[in-house]
Amino acid sequence: MDASIPDKAYFRIGEASIILGVAPYVVRYWESEFKNSVRHIRTTSDQRLYRRKDLEMLMVIKKLLYVD
């Protein structure tokens, strides 16, 4: 779980899934289950963008689900 988050403001779902080490559908599922903690932003081309704060929260969720 030593994944480091690159120094960017926004990440596409594919980038987020690579950083987290899970499939994109898992990221979407966690987003639907933890609506108050993780929210995406939609672009005009309807792509999901996640902020750095969202990725940090997703890393915590992954640790709680898979490690603890």
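Biologist: In the hairpin of S2 and S3, which residue takes a positive phi?

Modeller: Asp46 does, with a phi near 65°, in a hairpin that has 5 residues between its strands. This is a predicted model, in which local features need pLDDT of at least 70 and side-chain atom pairs count only at pLDDT 80 or more, while totals for chains, interfaces and linings use all residues. Residues are numbered from 1 along each chain as its sequence is written, and side-chain values use heavy atoms, with hydrogens and water left out.

Biologist: What makes up the protein, in helices and strands?

Modeller: The protein has 3 helices and 3 strands, and from the N terminus on they run β-α-α-β-β-α. Both kinds of element are DSSP runs numbered from the N terminus (helices: H or I, at least four residues; strands: E, at least two).

Biologist: Why is the protein called as compact as a globular protein of that length?

Modeller: Its radius of gyration, taken over C-alpha atoms, is set against the globule rule, 2.2 Å times the number of residues to the power 0.38. The radius of gyration is 11 Å and the rule gives 11 Å for 68 residues, so the description holds. Along the principal axes, the C-alpha trace spans about 40 × 25 × 20 Å.

Biologist: How do you know that S1 and S3 are joined, and how many bridges join them?

Modeller: Strands pair if DSSP finds at least two bridges between them. Strand S1 (residues 10–12) and strand S3 (residues 48–51) are joined by 3 bridges and run antiparallel, so they meet that condition. Among the bridge partners, Tyr10 is matched with Arg51 in S3, and Phe11 with Tyr50 in S3. Strand S2 (residues 41–42) is joined to S3 by 2 bridges, again antiparallel, and therefore also counts as paired. There, Ile41 has Leu49 of S3 as its bridge partner.

Biologist: What makes S1 and S2 stand at the edges?

Modeller: The 3 strands form an open antiparallel sheet in the order S1-S3-S2. S1 and S2 each have a single partner strand, so one side of each is left without a neighbour in the sheet.

Biologist: Which two residues form an aromatic pair, and why is the pair called tilted?

Modeller: The count comes to 1 aromatic pair. Trp30 and Tyr66 form it, with 6.1 Å from centre to centre and 55° between the planes. Rings of Phe, Tyr and Trp (its six-membered ring) pair if their centres lie within 6.5 Å; planes under 30 degrees apart are stacked, over 60 edge-to-face and the rest tilted, so the pair falls in the last class. The pair links distant parts of the chain: Trp30 belongs to helix H2 (residues 24–33) and Tyr66 to helix H3 (residues 52–67), 36 residues apart.

Biologist: Is Trp30 buried or exposed?

Modeller: The classes are buried under 20% relative accessible area, exposed over 50% and partly exposed in between, with a 1.4 Å probe and protein chains only. Trp30 has 4% relative accessibility and is therefore buried. Its partner Tyr66, at 53%, is exposed. Buried residues make up 32% of the 68 residues in the protein.

Biologist: What makes up the nonpolar surface patch?

Modeller: Phe34, Leu65, Tyr66 and Val67 make this patch, of about 420 Å². A patch takes residues with over 30% relative accessible area and no salt bridge, joining nonpolar side chains (Val, Leu, Ile, Met, Phe, Trp, Tyr) within 5 Å and like charges within 9 Å. Areas come from the Shrake-Rupley method with a 1.4 Å probe; for residues, only the protein chains shown count as cover. Val67, which lies in helix H3, has 57% relative accessibility and is exposed.

Biologist: How do you know that the side chains of Arg42 and Asp46 meet in a salt bridge?

Modeller: A salt bridge needs a side-chain nitrogen of Lys or Arg within 4 Å of a carboxyl oxygen of Asp or Glu. For Arg42 and Asp46 the N to O distance is 3.6 Å, so the condition is met. Asp46, the residue with the positive phi, is exposed at 52%, whereas Arg42 is partly exposed at 40%.

Biologist: How many salt bridges does a search of the whole structure find?

Modeller: It finds 6. Among them, Glu15 and Lys8 meet at 2.8 Å, N to O; Glu15 is partly exposed at 29%, and Lys8 is partly exposed at 36%. Glu56 and Arg52 form another, with their closest N and O atoms 3.8 Å apart.

Biologist: Why are Glu56 and Arg52 said to be separated by about one helical turn?

Modeller: They are 4 residues apart in helix H3, which gives that separation. Glu56 has 41% relative accessibility and is partly exposed, and Arg52 is partly exposed at 31%.
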